[in-house]
Amino acid sequence: MFETGLLKNKRILVTGGGSGLGAAMGRRFLALGAELVICGRKLDRLEAAAREMREQTGGKVTTIICDIRDGVAVDSMMDQIWREAPLDILVNNAAATFIAQSEHLSFRAADAILAPTLHGAMYCTLAAGRRWIEDKHGGVVLSILSTSTITGRAFTVPSAMAKSAVAMTKSLAVEWGPKGIRTVAIAPGPFPTAGATGQLRPEGRDAGWTSRNPLGRTGEHSELADLASFLVSDRAGYINGEMVVIDGGAHLRSSGAEDLLGWTEAQWAEQRAARSRA
């Protein structure tokens with residue numbers, strides 16, 4: 001399935017592609033022959049990731065600074081990309097989240113999660129889709145969602161709301177499918193990354209969560225990257241409007257937030273203080 005050249009001649013944009021799962025997917029896409037564009041808000045992180053990817057794969061990597069929370073900036077980024085050549089694939093990966101008691105969320109804190117995770121994904125999808133339709137050019141949108149779209153998840157309510165944009169995947173599969181555009185999604189379970197683990201698994205939170213996974217472990221980044229590579233490839237050309245769960249079966253046992261129901265007010269106060277310091 002993963003023969004050399006699976007993604008040859010595919011031009012792929014990964015939002016938030018400078019670190020974590022975005023970078024893992026980007027490296028795999030390059031190894032399979034794709035040309036990669038990664039965007040984010042921090043130039044130093046993007047450039048460091050791009051250098052490493054080029055050294056490891058010899059592939060072409062372009063970096064673009066873009067705050068996807070800003071629709072005008074997204075349109076400008078897409079114009080810049082299209083000046084060289086059209087995209088073939090968009091990966092909506094960039095997101096934000098942290099644990100919090102919902103009644104303590106300020107409007108600003110909620111928007112800090114909704115803006116990149118929901119609005120950013122929609123801005124990028126609409127900007128790419130509009131150009132594909134105008135050019136009569138097929139395309140694929142892969143959105144990285146969450147098992148909270150199935151179970152709900154206490155204490156990360158804005159993220160769960162934003163990730164429920166699986167409705168966009170299903171809706172556009174019908175609307176844009178006739179135009180040669182596929183929309184698919186992945187719902188990852190626990191795939192530890194420096195950013196997400198720090199926000200979702202702070203010191204003092206139950207450390208036994210991996211043992212409660214039916215497979216007794218967390219996911220490997222390469223496993224998610226392989227799944228993503230298949231879904232965006234022509235080999236998956238008849239998959240449209242679907243979300244694939246990759247979590248070891250964890251969502252069948254719990255939503256992943258039940259341990260937080262036992263936290264004390266003191267623990268929550270410390271968590272709020274730590275987030276403020278950060």
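Is Trp 268 buried or exposed? Its relative accessibility is 2%, so Trp 268 counts as buried. Keep in mind as we go that this is a predicted model.

Let's stay with that tryptophan for a moment. A pair of aromatic rings is described by the distance of the centres and the angle of the planes. The count here comes to two aromatic pairs. In one of them, the ring centres of Phe 155 and Trp 268 are 5.0 Å apart and the planes sit at 35 degrees, so this pair is called tilted. The two partners come from distant parts of the chain, 113 residues apart. Look for Phe 155 in the loop between helix H5 (148–151) and helix H6 (157–163), and for Trp 268 in helix H10 (residues 265–277). Phe 155 is buried too, with a relative accessible area of 15%. Add Trp 263, and ring pairs link Phe 155, Trp 263 and Trp 268 into a cluster.

Now slide along to helix H6, where you'll find Val 157. This valine is partly exposed, at 31% relative accessible area. Try finding Phe 98 as well: it is 59 residues from Val 157 along the chain, and the C-alpha atoms of the two are separated by 9.6 Å.

Next up is helix H4, which runs through residues 107–135. How does its length check out? With 29 residues at 1.5 Å a residue, H4 should span 42 Å, and its end C-alpha atoms are 39 Å apart, which agrees. Even so, H4 isn't straight: there is a bend of about 45 degrees at Ala 115, and a proline, Pro 116, follows within four residues. After the helix comes Lys 136, whose phi is positive, near 55 degrees.

Time for some charges. Side chains of opposite charge can pair when their charged atoms come close. The count for this model comes to 12 salt bridges. Take Lys 10 and Asp 234, whose closest N and O atoms are 3.2 Å apart. Lys 10 lies in the segment before strand E1 (11–15), while Asp 234 lies in the loop between helix H9 (221–232) and strand E7 (243–246), so this salt bridge ties together parts that are 224 residues apart in sequence. The two ends have contrasting surroundings: Lys 10 is buried at 19% relative accessible area, whereas Asp 234 is exposed at 58%.

Another salt bridge joins Glu 35 and Arg 11, at 2.8 Å from N to O. Glu 35 is in strand E2 (residues 35–40) and Arg 11 is in strand E1, so the bridge ties together parts that are 24 residues apart in sequence. Arg 11 is buried, with just 5% relative accessible area.

Helix H4 makes a comeback here, through Arg 131. That arginine forms a salt bridge with Asp 75, with the closest N and O atoms 3.1 Å apart. Asp 75 belongs to helix H3 (residues 71–84), so to speak a distant neighbour, 56 residues from Arg 131 in helix H4. Asp 75 is partly exposed at 29%, and Arg 131 is buried at 10%. Some bridges also share partners: Arg 11, Glu 35, Lys 60 and Glu 84 are joined into one network that way.

Finally, visit Thr 63 in strand E3 (residues 61–65). Thr 63 counts as buried, at 18% relative accessibility. Its side chain makes a polar contact of 2.8 Å with the side chain of Glu 47. Leaving out residues up to four places away in sequence, Thr 63 touches Ile 38, Leu 46, Glu 47 and Ala 50.

Note on methods. Residues numbered from 1 in each chain as written. Predicted model: local features only at pLDDT ≥ 70, side-chain atom pairs only at ≥ 80, totals over all residues. Heavy atoms only, no water. Phe/Tyr/Trp six-rings, centres within 6.5 Å; stacked < 30°, edge-to-face > 60°. Helix = DSSP H or I, 4+ residues; strand = E, 2+ residues; numbered from the N terminus. Buried < 20%, exposed > 50% of the residue type's maximum accessible area, 1.4 Å probe, protein only. Expected span 1.5 Å × (residues − 1). Bend = angle between axes of the 7 residues up to and from the residue. Polar contact = N/O pair within 3.5 Å; in protein donor to acceptor, adjacent residues only side chain to side chain. Contact = heavy atoms within 4.5 Å. Salt bridge = Lys/Arg side-chain N within 4 Å of Asp/Glu carboxyl O.
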